[in-house]
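Ready for some practice in reading a protein structure? Take a look at the sequence and the 3D view, then work through the exercises at your own pace.

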Amino acid sequence: MMQMTGAELIVRLLERQGIRTIAGIPGGAILPLYDALAGSELIHHVLARHEQGAGFIAQGMARVSGRPEVCFASSGPGATNLVTAIADARLDSIPMVAITGQVPLSMIGTDAFQEVDIYGMTVPITKHNFLVRSATELLEVIPAAFRIAMSGRPGPVLVDIPKDVQNQLVSFAGFPAPAVPDPAPVLDMAAVEAAARMINAAEQPVLYLGGGVIHSGAAQQAVTLAEQAGLPTTMTLMALGAMPLDHPLSIGMLGMHGARYTNFVLEESDLLICVGARFDDRAIGRAAQFCPNAKIIHIDVDPSELHKIKAAHVAINGDVARVLEVLLPRVKVSLRKRWLSHVESLKTRFPMQMDGLDDPRSHYGLVHAVAAALGDEAIVTTDVGQHQMWVAQAYPFRRPRQWLTSGGLGTMGFGVPAAIGAALAAPERTVVCFSGDGSFKMNVQELATLAEEGLKVKIVLMNNNSLGLVYQQQTLFYGKRVFASKYRGAPDYVKIAEGFGIAALDLDTAANPRAALAQALAAPGPCLIHASIDRDQFVYPMVPPGAANTEMIGG
Ligand SMILES: Cc1ncc(C[n+]2csc(CCOP(=O)(O)OP(=O)(O)O)c2C)c(N)n1
């Protein structure tokens with residue numbers, strides 16, 4: 001028999017699960033666990049400056065590694081500060097295990113100091129959650145948390161552990177095996193056959209890839225399917241990188257800020273093959289008018305997504321990589337010359353228009369200059385706003401897990417901590433975070449964490465001194481009544497970075513911005529690159545909220 005405290009047991013189970021980095025902030029109710037963590041020779045603890053930062057650091061690691069990563073927070077405000085990062089992980093299907101301390105069992109329900117019902121609060125935003133009532137339960141709960149986070153459609157799991165449970169002694173015969181994912185659903189082969197027949201018979205099919213393609217490691221299979229069947233291929237915001245943007249079959253990102261031709265190609269399609277996507281409103285616009293003439297094949301590991309927004313003619317529940325593997329030998333080789341040449345003509349008539357690509361001081365030009373200096377190995381994170389959409393439109397993503405962005409929840413403040421997490425998971429790579437001056441200030445405290453870890457994270461701050469996307473919407477859709485979206489103050493971001501001990505470059509004053517940028521990106525360690533952006537540069541095209549994709553304006 002082995003004997004240890006609940007806290008020591010948690011640390012051993014995390015080590016055995018392969019966890020090597022945990023981001024968090026200690027506090028009274030989680031101190032026994034921190035005391036045990038101090039004794040771990042395997043796990044590096046990253047001290048975040050706000051629990052939301054810790055949550056996004058864990059997410060950044062998970063988005064790069066593809067496996068569940070862990071964050072810690074104390075009870076009460078520590079736990080509530082995690083909530084946004086958990087909800088964000090839920091909407092983007094990111095595997096994460098959040099462990100929170102809780103007041104002792106006997107004090108639960110007494111309004112004890114720093115008591116909140118984080119279990120109750122996170123029911124709707126986790127895949128599952130646990131309130132642990134005895135140290136023995138940990139032997140089951142910790143592996144179960146990982147198994148649930150990574151099985152099927154990934155997502156966040158919360159484990160709330162009262163302080164006395166952490167201190168309790170537990171005796172047990174042996175450690176449970178580290179968790180592995182549940183087997184994928186058994187495939188409905190008749191549905192696969194039907195899908196193959198529909199693809200073979202289609203005249204104007206389009207392949208529509210979502211984040212599930214990235215999560216299931218199916219990018220290669222998806223590209224092979226596209227090539228074999230001659231399928232023009234569009235990607236959601238979450239799927240960028242699944243097919244290289246410069247692949248001849250790529251028609252880029254669809255939806256609210258997709259190119260005109262992309263949305264027009266979809267409008268004309270007679271078959272939509274949706275793989276690991278969920279018909280999100282930002283992608284499809286007004287649902288009734290999306291692909292009005294197309295039959296739909298929908299492949300997803302989460303059965304609740306099938307028929308949710310659009311009824312599918314053939315729905316296949318399964319791991320998308322596996323489904324594509326089984327589908328491939330049944331799909332005929334097709335050059336599909338007529339349809340592809342029509343797609344090409346739409347592309348020529350309604351291309352993605354990006355002005356100023358050669359000018360590193362313009363928004364698109366800056367994104368391109370960064371991409372040109374970095375190459376394919378770099379990882380890109382963003383915050384939320386115009387800058388996020390400009391990067392999505394202009395950055396030449398060529399591989400899965402190269403692009404980390406808050407898609408579903410659209411959380412300002414995601415970029416910097418997610419970049420820290422990405423750099424922790426892939427220290428050999430350069431990580432660049434494109435941020436806006438509004439978003440940047442939402443987790444600016446994590447610059448201290450970044451400086452401490454000394455990671456190669458480059459923050460490109462696109463400063464229009466406003467909440468740009470709000471300013472854009474007010475200008476376009478609220479009769480130019482601009483309210484609460486322009487800042488009156490103008491912080492000195494170079495000094496802010498330097499105050500945190502981070503090198504900074506101001507592109508506004510650089511004699512040769514392209515050379516200065518390349519030098520800053522190549523240097524070791526973190527750097528903030530500040531660039532002023534014209535506030536009246538908008539993101540186009542744009543589908544007005546609630547409109548059909550074909551009703552896009554601008555661009
Ligand atoms: C936490 C949070 N609060 C509010 C919003 C609503 N919102 C979306 S974009 C945006 C403005 C973002 O400004 P900034 O980060 O400067 O980026 P820009 O649009 O100027 O590029 C706001 C307020 C949000 N997405 N997230």
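The exercises below deal with a predicted model, and each comes with a worked solution.

**Exercise 1. The ligand shell**

Task: Find how many residues surround the ligand, and sort them by class.

Solution:
- Step 1. Start by counting: 17 residues surround the ligand. The closest are Gln386, Gly410, Gly438, Ser439 and Gly468.
- Step 2. Now sort the shell by class: ten residues are polar, six are nonpolar and one is charged.

**Exercise 2. Backbone atoms and the ligand**

Task: Work out which ligand atoms lie by the backbone N or O atoms of methionine 412, glycine 468 and leucine 469, and then see how much of the ligand is buried.

Solution:
- Step 1. For methionine 412, a backbone N or O atom is 3.3 Å from a nitrogen atom of the ligand.
- Step 2. For glycine 468, the ligand atom is an oxygen, 2.9 Å from a backbone N or O atom.
- Step 3. Leucine 469 also has a backbone N or O atom by a ligand oxygen atom, at 3.0 Å.
- Step 4. Next, turn to the surface: the ligand taken alone exposes 590 Å², and the protein buries 76% of that.
- Step 5. Finally, look for the elements that give two or more residues to the shell: they are α16 (386-394), α18 (437-440) and α20 (468-477).

**Exercise 3. Buried or exposed?**

Task: Decide whether arginine 197 is buried or exposed, and then examine helix α13.

Solution:
- Step 1. Locate arginine 197 in helix α8, which covers residues 189-201.
- Step 2. Its relative accessibility is 55%, and exposed means over 50%, so arginine 197 counts as exposed.
- Step 3. Look for a partner far along the chain: valine 331 is 134 residues away from arginine 197, yet their C-alpha atoms are separated by 7.7 Å.
- Step 4. Move to helix α13 (residues 320-327), where six of the eight residues are buried. These are Val320, Ala321, Val323, Leu324, Val326 and Leu327.
- Step 5. Ask what covers these buried residues: the cover includes α8, α9 (211-215), α10 (219-229), β12 (271-275), β13 (295-300) and β14 (314-317).

**Exercise 4. Reading a sheet**

Task: Give the strand order of the open six-stranded sheet and find its edges.

Solution:
- Step 1. The order is β16-β15-β17-β18-β20-β19, and the pairing is parallel.
- Step 2. The edge strands, β16 (403-404) and β19 (503-506), each pair on one side only.
- Step 3. Zoom in on one edge: β15 (residues 379-382) pairs with β16 over two bridges, in the parallel sense. Threonine 381 has leucine 404 in β16 as its bridge partner.

Conventions:
Residues are numbered from 1 along each chain as its sequence is written. This is a predicted model: local features need pLDDT of at least 70, side-chain atom pairs count only at pLDDT 80 or more; totals for chains, interfaces and linings use all residues. Side-chain values use heavy atoms; hydrogens and water are left out. A residue is near a molecule or strand if one of its heavy atoms lies within 4 Å of it. A polar contact is a pair of N or O atoms within 3.5 Å; within protein, one must be able to donate a hydrogen and the other to accept it, and residues adjacent in sequence count only if both atoms are side-chain atoms. Accessible areas come from the Shrake-Rupley method with a 1.4 Å probe; for residues, only the protein chains shown count as cover. Helices (H or I, at least four residues) and strands (E, at least two) are DSSP runs, numbered from the N terminus. Ala, Val, Leu, Ile, Met, Phe, Trp, Tyr, Cys and Pro count as nonpolar, Asp, Glu, Lys and Arg as charged, and the others, Gly among them, as polar. Buried means under 20% relative accessible area, exposed over 50%, partly exposed in between (1.4 Å probe, protein chains only). Two strands pair if DSSP finds at least two bridges between them. Contact means heavy atoms within 4.5 Å.
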